[in-house]
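Welcome, and thank you for taking a look at this structure. Let us walk through it together, one region at a time.

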Amino acid sequence: FEKTMDKETELFYNTHKDKTFKLPHLPSDMDSKDGVTVAKWVIQQMLSNNIGYLELDMKSVNVHDYIDLAFNYRARLESDKCITKMKTLPLGDIQGLTLYNNKWFEIPGADVTEIADWWFNNSAIDKLNKLNIWNTKPGGYARPHNINIDPPTDNVDTLDLIGWPLPLMTCLNEPGLDCHTVVEDFGLVPNQLGKTFLINPNKQRCIVNKGASDSTRLFAHGQIGVQFQRFTDLVTRSYIRTLAIQDRDDNN
């Protein structure tokens, strides 16, 4: 870990890794069952830099037999083949490749049917603009970066949530909690196998793998489009669930 991390990453990592934040409670006059209103408020809290990341409860908007992508055996096999096609990225000691809508099936020797189906059917987004697949080996790292396609405005009322490409991160293969994603000003994202996060689009983040095995992450930029209601329900249910866990832990 110390052998390979450069000075920029080491400084960013040490400066931000121990920072924490609390999810703010919903305003007292807000209807927690109004998914559109709550989700817009949550995203505004991100744009106002009060929230660093939010774990998305994908099961809450999918069928009863839904499984997270990381537990789809065929998807894991596809990921393994993609890894063999990756190139070293100009971000540090990390490998990756990028898929676009019209190039999903144009990777010689690497079929991504299961991965594509999961994103198109289960993620509550209508259009997948771009998907980065990154693999970080033990001791590997990605320097501080922000690869969001479009910088957001600072006000959700002027941000067209239907068309704006939201940044999502899914953990496909993880060495437990030992591959660290550090978000500027907000600390460590609790990455675990199968989890998907909406990360503050304004902030830089770095990746440092302190584990004993590889970490494979999917970074998607997806437009909500006709999935608007489903996505806002996803954000709302995820936020209320995470807030309840936070309150429970604070009271114990």
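A good place to start is helix α1, made of residues 7-16, which lies across β6 (141-145), β8, β9 and β11 (205-209) and runs at about 75° to β6. Please keep in mind that this is a predicted model.

The strands beneath our starting point belong to a sheet, so what is its order? Its 5 strands follow the order β3-β6-β11-β8-β9, and they form an open sheet with antiparallel pairing. Because β3 (92-93) and β9 stand at the edges with a single partner strand each, one side of each is left without a neighbour in the sheet. In general, the strands of a sheet pair through backbone hydrogen bonds, either parallel or antiparallel.

Follow the sheet now to its β9 edge. Strands β8 and β9 pair in the antiparallel sense over 3 bridges, and V183 has G187 in β9 as its bridge partner. The loop between β8 (179-183) and β9 (187-189) holds D185. This residue is not a glycine, yet its phi is positive, near 75°. With a relative accessible area of 32%, D185 is partly exposed.

Back at helix α1, how is E8 linked to R143? The two form a salt bridge, with their closest N and O atoms 3.8 Å apart. Since E8 lies in helix α1 and R143 in strand β6, the pair ties together parts that are 135 residues apart in sequence. Both ends are partly exposed: E8 has a relative accessible area of 45%, and R143 comes to 23%.

The model counts 14 salt bridges, and another of them sits in helix α5. There D233 and R237 are 4 residues apart, about one turn of the helix, and their closest N and O atoms are 3.9 Å apart. As a rule, an α-helix has 3.6 residues a turn, so residues three or four places apart point the same way. Is D233 buried or exposed? At 19% relative accessibility it counts as buried, because the cut-off for buried is under 20%. Its partner R237 is partly exposed, at 41%.

A further salt bridge joins D249 and R248, whose closest N and O atoms are 3.1 Å apart. Elsewhere, salt bridges that share partners join D6, E8 and R143 into one network.

Next, turn to helix α4, where E114, I115, A116, W118, W119 and N122 are buried. What covers these residues? The cover includes α3, β5, β7 (166-173), β10 (196-199), β12 (215-223) and α5 (228-251). Take N122 as an example: its relative accessible area is 17%, so it is buried. Leaving aside residues up to four places away in sequence, N122 touches M58, N62, Y66, D117 and R230.

Just after α4 comes A124, with a positive phi of about 65°, although A124 is not a glycine. It sits in the loop between α4 (113-122) and β5 (127-136). Unlike the partly exposed D185, A124 is buried, with a relative accessible area of 1%.

Our last stop is on the surface, where I67, F71 and L193 form a nonpolar patch with about 270 Å² of accessible area together. One of its members, I67, lies in the loop between β1 (53-56) and α3 (73-84). At 44% relative accessibility, I67 counts as partly exposed.

Conventions
Residues are numbered from 1 along each chain as its sequence is written. This is a predicted model: local features need pLDDT of at least 70, side-chain atom pairs count only at pLDDT 80 or more; totals for chains, interfaces and linings use all residues. Side-chain values use heavy atoms; hydrogens and water are left out. Helices (H or I, at least four residues) and strands (E, at least two) are DSSP runs, numbered from the N terminus. Buried means under 20% relative accessible area, exposed over 50%, partly exposed in between (1.4 Å probe, protein chains only). Two strands pair if DSSP finds at least two bridges between them. Contact means heavy atoms within 4.5 Å. Axes are lines fitted to C-alpha atoms, for helices over the stretch in contact, and angles run from 0 to 180 degrees between N-to-C directions. Patches are made of residues with over 30% relative accessible area and no salt bridge: like charges are joined within 9 Å, nonpolar side chains (Val, Leu, Ile, Met, Phe, Trp, Tyr) within 5 Å. Accessible areas come from the Shrake-Rupley method with a 1.4 Å probe; for residues, only the protein chains shown count as cover. A salt bridge is a side-chain nitrogen of Lys or Arg within 4 Å of a carboxyl oxygen of Asp or Glu.
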